[in-house]
Amino acid sequence: MVDLARRNFFKAKSIHTKPAIRLPYVANEDTFIENCTQCARCITSCPENIIIKGDAGFPEIDFARGECTFCNKCIDVCDEPLFNHVDSAPAFDLHIQIKGNCLAVNQVFCQSCQDSCDTEAISFRYLDSSIPQPQILLDSCNGCGACVSVCPQASIELSPHTTLTKVGEINECS
Ligand code: SF4
Ligand code: SF4
Ligand code: SF4
């Protein structure tokens, strides 16, 4: 059931949110902010418990809590027009990087992230080091986030491609 009063409340305001990872297959940030009613059903539906109430009350994914298994339960419980068809686009449009505090980068053996990655997007090579160094094959990464919570250094950063701090400005009531 769509809460029109709540939706119009959001549409009547300019909404400023920090960049965040939204649900899988969300069409884009503007569409999400304009149409999400903050009903929170996606939050309670996620068996992995990785969806949280984030900035300005909008749901976002926290991969520090676990991985997305692409079960689509959060999409199935949502009545709003937020999503691309699940077969027409990647589930997530994310930037991924390994930060400088990685154990392997600092010459301590660790390959926990590789072991967690089902798509084999993370590999280790010797390069100029006696400790194998991690590399991410971006084309193989599906953004599941499984590597994030297993890293003992919190070295893997998944972030939305946008760097804007203002992602929605909606001034019209409908
Ligand atoms: S697709 Fe499934 S695991 Fe992924 S965020 Fe939605 S409910 Fe959670
Ligand atoms: S799990 Fe973390 S610390 Fe270990 S190699 Fe991967 S990124 Fe580095
Ligand atoms: S986010 Fe990418 S690199 Fe990390 S486990 Fe998932 S597919 Fe592998």
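Ligand 3 sits among Ile96, Cys117, Thr119, Ala121, Ile122, Cys141, Asn142, Gly143, Cys144, Gly145, Ala146 and Cys147, where a residue counts as near a molecule if one of its heavy atoms lies within 4 Å of it. By class, that shell has eight nonpolar, four polar and no charged residues. For the classes, Ala, Val, Leu, Ile, Met, Phe, Trp, Tyr, Cys and Pro go down as nonpolar, Asp, Glu, Lys and Arg as charged, and the others, Gly among them, as polar.

A word on the ground rules. This is a predicted model, with local features needing pLDDT of at least 70 and side-chain atom pairs counting only at pLDDT 80 or more, while totals for chains, interfaces and linings use all residues. Residues are numbered from 1 along each chain as its sequence is written, chains are lettered from A and ligands numbered from 1 in the order in which they are written, and side-chain values use heavy atoms, with hydrogens and water left out.

**The other two ligands**

Ligand 1 has 13 residues around it, and Cys46, Cys68, Cys71, Asn72 and Cys74 come nearest. Its shell has 10 nonpolar, two polar and one charged residues. Asn72 also has an unusual backbone entry: its phi is near 70°, a positive value in a residue other than glycine. Asn72 lies in the loop between strand 3 (59-61) and helix 4 (73-76); helices (H or I, at least four residues) and strands (E, at least two) are DSSP runs, numbered from the N terminus.

Around ligand 2 you'll find Ile98, Cys102, Leu103, Cys110, Ser112, Cys113, Phe124, Cys151, Pro152, Ser155 and Ile156. That shell divides into nine nonpolar, two polar and no charged. Three of its cysteines, Cys110, Cys113 and Cys151, are listed as surrounding the ligand, and their accessibilities are in the table, along with those of two other residues. Buried here means under 20% relative accessible area, exposed over 50%, and partly exposed in between (1.4 Å probe, protein chains only).

| Residue | Relative accessible area | Class |
|---|---|---|
| Arg22 | 5% | buried |
| Cys113 | 9% | buried |
| Cys151 | 16% | buried |
| Cys110 | 17% | buried |
| Ala40 | 24% | partly exposed |

Cys110 lies in the loop between strand 4 and helix 5 (112-116). Cys110 and Pro152 are 42 residues apart in sequence, yet 9.1 Å apart in space, C-alpha to C-alpha. With all these cysteines about, how many disulfides does a search of the whole structure find? The search finds zero, a disulfide being a pair of cysteine sulfur atoms within 2.5 Å.

**Fold and strands**

The protein chain has six helices and eight strands, running α-β-α-α-β-β-α-β-α-β-β-α-β-β along the sequence. Of its 174 residues, 41% count as buried.

In a regular strand the side chains alternate between the two faces of the sheet. Strand 7 (residues 156-160) does this: Ile156, Leu158 and Pro160 point to one face and are buried, whereas Glu157 and Ser159 point to the other and are not. Strand 7 pairs with strand 4 (residues 94-98) in the antiparallel sense over five bridges, and two strands pair if DSSP finds at least two bridges between them. Within that pairing, Leu94 stands opposite Pro160.

Strand 5 likewise has a covered face, Ile122 and Phe124, and an uncovered one, Ser123 and Arg125. Its antiparallel pairing with strand 6 (residues 133-136) runs over four bridges, with Arg125 opposite Gln133. Both residues of the covered face turn up around ligands, Ile122 at ligand 3 and Phe124 at ligand 2.

**Core and loops**

The largest nonpolar core has 36 residues, and Phe32, Ile51, Phe63 and Phe92 have the most contacts inside it. The elements that give two or more residues to this core are helix 2, helix 3, helix 4, strand 4, strand 5 (122-125), helix 6 (146-150) and strand 7. Domain 1 (4-90) and domain 2 (94-159) both contribute residues, so this core lies between them. A nonpolar core is a set of buried Ala, Val, Leu, Ile, Met, Phe, Trp, Tyr and Cys residues joined through side-chain atoms within 4.5 Å, and the domain bounds come from an automatic or database domain assignment.

Arg22 lies in the loop between strand 1 (14-15) and helix 2. Its C-alpha is separated by 8.2 Å from that of Phe32, 10 residues apart along the chain. Ala40, in the loop between helix 2 (29-35) and helix 3 (41-45), has a positive phi of about 75° although it is not a glycine.
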